[in-house]
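Please walk through this model with the structure open beside the text. The paragraphs below take up a few helices, a surface patch and a loop.

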Amino acid sequence: MFRLTTTYILHITCWLLFMAFPLLFLNRDNSVEYSPWPILASAQYWLFCITYLSVFYMNTLLLIPRYFIKKRYFSYTSALILMLVAVYFVRPFDKLINIGEQVHAPGGPHGPPPGMPSGYEMHMPPPPPSDDDSFGGRAFSHHDVGMPPPMRGGQHLDITSLFIYVMLIALGMSVSSVQQWLITERRVIQIEADKTSAELSFLKAQINPHFLFNTLNNIYTLAVTGNIHTATSIMKLSNLMRYLTDEVSADRVPLQKEVDSIYDYLDLQRLRIGTKTNIDLSVTGDLSGHEVPPLILMSFIENIFKYGISKRDPSTVRIDIKTEPHQLSFFCQNRIFTGNTTIERVGIGIANSRQRLQYLYGEKHHLAINSENGLFTVYLTLLV
């Protein structure tokens with residue numbers, strides 16, 4: 001709606017300027033007493049305006065969409081030639097100039113020349129015939145006797161009318177070309193947005209079963225070993241599944257919900273891994289008002305327990321979540337054990353999170369993953 005209103009205002013403004021230009025042009029003497037109203041009231045002025053209004057919109061609204069864009073160039077050229085012939089015979093600019101000279105000639109509708117009394121009529125005999133048609137050694141002019149100049153109704157070519165016609169046709173072509181380019185750009189952007197949305201939907205569809213299967217495997221291990229916390233684990237899994245089913249389809253979820261699901265997930269993992277692995281979780285800052293893509297942090301934490309835990313060797317897992325007014329920082333680190341050579345699972349897990357972050361945040365995120373000194377470390381910063 002805003003774009004449409006802006007277009008209307010732009011068209012109206014341009015045409016008002018176009019219609020005002022002849023009025024300024026006809027005041028060639030810069031007369032202080034110049035009045036545009038006799039010109040505005042003349043049929044020739046409105047013939048000039050309507051002719052070129054019709055030319056412009058016939059070209060942009062009818063001929064270009066119906067013929068030029070559909071590559072019917074012969075029909076388009078034929079229509080332009082017909083309009084050119086019509087403008088040639090109508091002669092809008094020539095007629096406008098004639099009426100302007102008649103209106104503002106001495107003794108015209110403005111009254112007698114300056115200095116003469118009102119009601120005075122000028123009657124002067126014509127000059128005596130002369131071979132050089134001169135009067136007093138000066139070339140004779142109709143203005144010398146207060147008579148309007150003769151009409152330009154001859155057969156000379158009205159170059160100005162044709163020039164304005166060509167300029168409006170070129171302007172119409174330019175405007176239509178820009179409009180088509182903008183339409184094409186919008187279509188490309190929409191296609192890219194639809195593609196991105198489809199890919200995100202596919203990635204989310206991967207997350208749900210992948211996460212569920214891993215957690216079910218953990219609870220299965222607890223059940224097989226007869227762990228007394230199996231029932232509690234099932235309840236926490238229920239909380240996680242409620243988060244998955246209710247929130248995973250959204251583009252953003254409150255950060256508090258993501259952190260709550262991380263707490264439940266870590267409690268499940270503590271029951272499975274025993275006491276050899278120490279989990280150090282730190283959450284600082286105000287979580288309210290922050291939103292993140294669902295499971296975007298969880299995928300990195302899940303990767304820790306899939307590839308960075310040993311049941312024989314002691315280790316420490318560090319997880320830090322820090323919020324600032326316009327920034328979220330996430331850090332996790334775990335030991336790399338010999339034998340767990342696959343750090344990133346292609347297609348799901350971290351690779352999945354990389355794609356989601358790129359689609360949703362673009363340049364407003366920074367993700368650094370490295371494995372140095374026997375430690376696997378993830379640094380993630382989101383500008384929110």
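Two residues are in contact when they have heavy atoms within 4.5 Å of each other. The model discussed here is a predicted one.

With that meaning of contact, take S353, which sits in helix α10, residues 350–361. Leaving aside residues up to four places away in sequence, S353 touches I296, S299 and F300. Is S353 buried or exposed? Its relative accessible area is 1%, and a residue counts as buried under 20%, so S353 is buried. S353 shares this status with other residues of α10, among them I350, A351, N352, R356, L357 and Y361. The helix itself has 12 residues, and the distance from its first C-alpha to its last is 16 Å, close to the 16 Å expected at 1.5 Å a residue. Just after α10 comes G362, with a positive phi of about 60°.

Helix α4, residues 73–90, can be read in a similar way. Its 18 residues should span 26 Å at 1.5 Å a residue, and its end C-alpha atoms are 26 Å apart, so the expected and modelled spans agree. Which residues of α4 are buried? They are Y76, A79, L80, M83 and V87. These residues cover an arc of only 100° around the axis, and therefore they lie on the same side of α4. The face turned away from that buried side carries F74, L82 and F89, which are exposed. Just after α4, R91 has a positive phi of about 55°.

Nonpolar side chains at the surface also appear in a patch made by Y8, I12 and L16, with an area of about 350 Å². Of these residues, I12 belongs to helix α1, residues 2–26. The relative accessible area of I12 is 52%; the cut-off for exposed is over 50%, so I12 counts as exposed.

The last stop is a loop. Where is G274 found? G274 lies between α8 (255–273) and β4 (277–284), in the loop that separates them. Its relative accessibility is 36%, a value between the limits of 20% for buried and 50% for exposed, which means that G274 is partly exposed. Along the chain, G274 and K311 are 37 residues apart, while their C-alpha atoms are separated by 7.8 Å.

How values were computed:
Residues numbered from 1 in each chain as written. Predicted model: local features only at pLDDT ≥ 70, side-chain atom pairs only at ≥ 80, totals over all residues. Heavy atoms only, no water. Helix = DSSP H or I, 4+ residues; strand = E, 2+ residues; numbered from the N terminus. Expected span 1.5 Å × (residues − 1). Buried < 20%, exposed > 50% of the residue type's maximum accessible area, 1.4 Å probe, protein only. Arc of directions from axis to C-beta. Patch = residues over 30% accessible without salt bridge, like charges linked within 9 Å, V, L, I, M, F, W, Y side chains within 5 Å. Areas by Shrake-Rupley, 256 points an atom, 1.4 Å probe, with all protein chains shown as cover. Salt bridge = Lys/Arg side-chain N within 4 Å of Asp/Glu carboxyl O.
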